[in-house]
Amino acid sequence: KPPTTKPQTDLLENKNGTKPGKPGVFRFGTWNIRSLYKPGALKCITSIVKKYYVDLVALQEVRWPGSGHLKSDNMTIFYSGSGNGRHEHGVGFIVKEFLVKLVKKFEAVDDRLCYIIIEGKTSNIAIINCYAPTETADNDYKDSFYDKLERVYDMIPRSYIRILVGDQNAQVGREHAFRHTIGKESMHSESNNNGLRLISFASTKGLVISSTQFQRKEIYKQTWVSPDGRTKSQIDHILIDKRYRSSVRQVRSYRGADGDTDHYLVISSFRTKLANSWKQ
């Protein structure tokens, strides 16, 4: 018999670090997409999620008013927007069909915060999606955001695997004093105001910033680029409880994910066991 060759999809799967459906590996990501409130935006995002074999992606700046969920292209989009009817801010999750049956809860907090709980085999997984104010925002506004984030985080049972993702608008540095929380692989040498706020929150809650723990080329650390292409920064992050820090296998950005946005898709591979679907 002639030798069998692997299909082309296997090459892409290996290149991205894992194969879809690989036991014990959960691929999730975070992405500021700028807006889903424009023609063709949703179809573009779902096609990119398929291309990179991501099971769940936290979205920022969805810009859909209200809250709810809808199905599109074998995926379900959970969204949380403003209650005033304006198309601004907004966060949400896009979840593949096989994973939807394991979603125990989706909570729409406001247009900057929401979270989802996935049923696991040993521990449930709670993913908090946040869209923090920009660096130039008023300090009182930032304080209000982090106060609400703290209440949401403390509301989730400690027995859950708690993961914080999103566009924190925070440049995390490589200060030695925070090394146990931030590692030493950040793209930036010094933390800005938002970065210090994020580090303070992480250290208080026993989290580590996984996105600054892995040694990567600069192009795989960048998560945002200015419109003129001159300024690049790492402001989108993934944080996880210290107890599970070794379960995070990789965190990197993918510049090839072109979704008409100035942010890059950030993907992480997390080693865990999801609940068997037949038990549902």
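The following paragraphs describe the overall build of a predicted model and then turn to some of its strands and individual residues.

The protein chain folds into 6 helices and 15 strands. Its overall dimensions give a helpful starting point. For 280 residues, a compact globule would be expected to have a radius of gyration near 19 Å, and the value for the protein chain, 18 Å, agrees with that expectation. Along the principal axes, the C-alpha atoms occupy a box of roughly 70 × 45 × 45 Å. Burial can be put in figures as well: 56% of the 280 residues count as buried. Many contacts bridge long stretches of sequence; among those between residues at least 6 apart, 67% join residues at least 24 apart.

The surface of the protein chain can be described in terms of both area and charge. About 13,200 Å² is exposed, and carbon and sulfur atoms supply 48% of this area. The chain carries 44 positive and 29 negative charges, and the mean positions of these two sets lie 10 Å apart.

Strand E15 offers a good place to enter the strand arrangement. This strand spans residues 265–271 and is mostly covered, with 6 of its 7 residues buried. E15 has strand E1 (residues 25–32) as an antiparallel partner, and 6 bridges link the two. Within this pairing, glycine 29 is set opposite isoleucine 267 of E15. Strand E14 (residues 248–254) also runs antiparallel to E15, again with 6 bridges. Here serine 253 has valine 266 of E15 as its bridge partner, while arginine 252 is bridged to isoleucine 267. Isoleucine 267 thus appears in both pairings, facing glycine 29 and arginine 252. Strand E14 is itself largely enclosed by the rest of the structure, because 6 of its 7 residues are buried.

A second group of strands is built around E13. Covering residues 236–241, E13 is mostly covered, with 6 of its 6 residues buried. Strand E9 (residues 161–167) pairs with E13 in the antiparallel sense through 5 bridges, and this pairing places aspartate 167 opposite aspartate 236. Strand E10 (residues 207–209) is likewise antiparallel to E13, joined to it by 3 bridges. In that pairing, valine 208 has isoleucine 240 of E13 as its bridge partner.

Aspartate 236 deserves a closer look. This residue belongs to strand E13, and its relative accessibility of 1% lies under the 20% limit, so aspartate 236 counts as buried. Leaving aside residues up to four places away in sequence, aspartate 236 touches Asn32, Gln60, Gly166, Asp167, Gln168, Ser211, Thr223, His263 and Val266. Among these contacts is Asp167, the residue that stands opposite aspartate 236 in the pairing with E13. Val266 is another of the residues touched, and valine 266 is also the bridge partner of serine 253. Asparagine 169 provides a further spatial reference: 67 residues separate asparagine 169 from aspartate 236 in sequence, yet their C-alpha atoms are 6.5 Å apart.

Threonine 181 gives a view from a helix. This residue lies in helix H5, which covers residues 179–182. With a relative accessibility of 1%, threonine 181 counts as buried. Its contacts, apart from residues up to four places away in sequence, are with Ile199, Ala202, Ser203, Leu207, Val208, Ile209 and Gln213. One of these, Val208, is the residue bridged to isoleucine 240 in E13. Glycine 68, by contrast, is 113 residues from threonine 181 in sequence and 35 Å away in space, C-alpha to C-alpha.

Two loop residues round off the account through their backbone geometry. Most residues other than glycine have a negative phi. Glutamate 61 has a positive phi, near 60 degrees, and is found in the loop between strand E2 (56–60) and strand E3 (67–72). Glutamate 61 is buried, its relative accessible area being 8%. Histidine 89 also has a positive phi, near 55 degrees. The loop that holds histidine 89 runs between strand E4 (75–80) and strand E5 (91–96).

Key. Residues are numbered from 1 along each chain as its sequence is written. This is a predicted model: local features need pLDDT of at least 70, side-chain atom pairs count only at pLDDT 80 or more; totals for chains, interfaces and linings use all residues. Side-chain values use heavy atoms; hydrogens and water are left out. Helices (H or I, at least four residues) and strands (E, at least two) are DSSP runs, numbered from the N terminus. The radius of gyration is taken over C-alpha atoms; the globule rule is 2.2 Å times the number of residues to the power 0.38. Buried means under 20% relative accessible area, exposed over 50%, partly exposed in between (1.4 Å probe, protein chains only). Contact means heavy atoms within 4.5 Å. Accessible areas come from the Shrake-Rupley method with a 1.4 Å probe; for residues, only the protein chains shown count as cover. Lys and Arg count as positive and Asp and Glu as negative; His and the chain ends are not counted. The place of a charge is taken as NZ of Lys, CZ of Arg, CG of Asp or CD of Glu. Two strands pair if DSSP finds at least two bridges between them.
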